[in-house]
Amino acid sequence: MRISRRTFAAAAVALVLPLSACGSGGDDGGSTDASGRVEGDITFQTWNLRANFKPYFDGLIADFEKKYPGTHVKWIDQPAEGYADKISADAAGGTLPDVVNVSPDLVAPLAEAGLALDLDKAAGEYRSEYLDGAWASHRVPGLNGTYAFPWYLNTGPLFYNKSLFEKAGLDPSAPPKTYGELFADALQMARKSDGRVATLANVPTVEDFGRYGVQLMNKEGTGFAFNDAKGVELLSKYKELYDAKALDPQALTATPESSGKKFLTEAVAMNPGSALDLGNFKKQAPNLYKNIGITDQITSTGHVNMYVMGVMVNSRTKRTPAAVAFAHFVTDARNQMSFAKKVAIFPSTAGSLDDPYFTEEDGSDETRVRIAAAKSLKSAVNYTPVLFSEQMKTALRNEVAKALQGKESPKSALDNAVKACDQLLKQQG
């Protein structure tokens, strides 16, 4: 299995966990003190990893049990489909495993319900072992604390077509880095090609607003804020691109597959991708492959977006020292590095991205992409708010489409999107 950028982007079904189902008091819970003896039986749940990585996890668990005699880890792996619902049911029924593989959007309702151990309090001594942006990714607006160890990361560099840049009179060795540069280059490419070549094939997402420097939520975490002047400015710029055909006309209904095809046929000049895409270009479009450039995601903040998975400790565990020790063991530098060499992901531990595996070229496409992505991850940020559900993504996308089509002004569209997302946020609570 390939754990891709798109896999991270496709968040699970919105997890609704009423506080009344499990309470947030500590009477029936375990201890928050992780300093005791590491011993006893614990359960560890992963998210659709057994089929492809059983030997890795069997070895990981054996190593932990050897390091801590008297421990026993029972490994449970759940299928990808319905994972959020399974966690919700276990949380409500009091059967949540001791250590759980989560994404930030899944940890948020568990933290709000008092079921996720605050690692700033219970395991703060480990914080310096991880990249700052990765450690911060499992914080929840409105709560003080960090609620999962960061595990594996991913990000996507951008591919661009050097030949199309050159034909448009743009420097193929200096692709755009910021949104301002992107908008200027895109308009020039549309002009020079008489609208036949678009630079982008996708409408802006919440991550684009984040990378543009828009404040996505209020500080209390009680409402969204991407309809501010900066957010309106970004959507207005995209409207300008759309009208000039610098944004592909089919962007409103684009999928990762359709965007990739547009790039493959050289109708679009820039598109996110992976090493697997490079291999596909080599076979299907050798002329494109010959002219491929690789650059960082567009960002006006200086930080690209990261996708992150985490390992959460159930605050109700009866084996807090063992559960925290195991969650840390799974995510420590040695074990993350080992996992990264088995699948196209990146470790979240500080210093790991300086390893030759992530810095030294060997002539292969896979390494080219890996090095480009690893370089940008050191200071990356998870821009997608942990409270931003799939329904909210749809609401934003629908309003963006109305603005681009001229059915609403960018300001009205974002006001409506924020109103819809705030309403969904209240329903989640």
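**A friendly note on rings and charges**

1. Both phenylalanine 224 and phenylalanine 388 are buried. Please keep in mind while reading that this is a predicted model.

2. Let me start with the aromatic pairs, of which the structure has 31. In one of them, tyrosine 130 and phenylalanine 149 are tilted, with 45 degrees between the planes and 6.0 Å centre to centre. Tyrosine 130 belongs to the loop between α6 (119-122) and α7 (132-136), while phenylalanine 149 is in strand β4 (residues 149-154), so the pair ties together parts that are 19 residues apart in sequence. Tyrosine 130 has a relative accessible area of 2%, so it counts as buried. Phenylalanine 149 is buried too, at 0%.

3. Back to the two phenylalanines of the opening point: phenylalanine 224 and phenylalanine 388 make an edge-to-face pair, 5.5 Å centre to centre, with 75 degrees between the planes. Each is in a loop: phenylalanine 224 between α10 (206-212) and α11 (229-243), phenylalanine 388 between α17 (365-377) and α18 (390-404), so this pair ties together parts that are 164 residues apart in sequence.

4. There is also an aromatic cluster to look at, whose members include Phe44, Tyr56, Trp75, Trp151 and Phe339. Trp75 has a further partner, as arginine 50 lies over the face of this tryptophan at 4.0 Å from the ring centre. Elsewhere, lysine 341 places its charged end over the ring of tyrosine 357, 5.5 Å from the centre of that ring.

5. Now the salt bridges, which number 13. Glutamate 39 and arginine 37 meet through their side chains at 2.9 Å, N to O. Glutamate 39 is partly exposed at 33% relative accessibility, whereas arginine 37 is exposed at 59%.

6. Another salt bridge joins arginine 196 to aspartate 194, with 3.9 Å between the closest N and O atoms. Since the cut-off for exposed is over 50%, arginine 196 qualifies with 62% relative accessibility, and aspartate 194 is exposed with a relative accessible area of 62%.

7. Which residue forms a salt bridge with arginine 370? The partner is glutamate 366, the closest N and O atoms being 3.7 Å apart. The two are four residues apart in helix α17, so about one helical turn separates them. Arginine 370 counts as buried, at 11% relative accessibility.

8. One last residue for your list is asparagine 291, found in the loop between α14 (286-290) and β7 (292-295). With a relative accessible area of 19%, asparagine 291 is buried, because buried means under 20%. Leaving aside residues up to four places away in sequence, asparagine 291 touches Tyr160, Asn161, Lys162 and Ser163.

Note on methods. Residues are numbered from 1 along each chain as its sequence is written. This is a predicted model: local features need pLDDT of at least 70, side-chain atom pairs count only at pLDDT 80 or more; totals for chains, interfaces and linings use all residues. Side-chain values use heavy atoms; hydrogens and water are left out. Rings of Phe, Tyr and Trp (its six-membered ring) pair if their centres lie within 6.5 Å; planes under 30 degrees apart count as stacked, over 60 as edge-to-face and the rest as tilted. Buried means under 20% relative accessible area, exposed over 50%, partly exposed in between (1.4 Å probe, protein chains only). A charge sits over a ring if NZ of Lys or CZ of Arg is within 6 Å of the ring centre and within 35 degrees of the ring normal. Contact means heavy atoms within 4.5 Å. A salt bridge is a side-chain nitrogen of Lys or Arg within 4 Å of a carboxyl oxygen of Asp or Glu.
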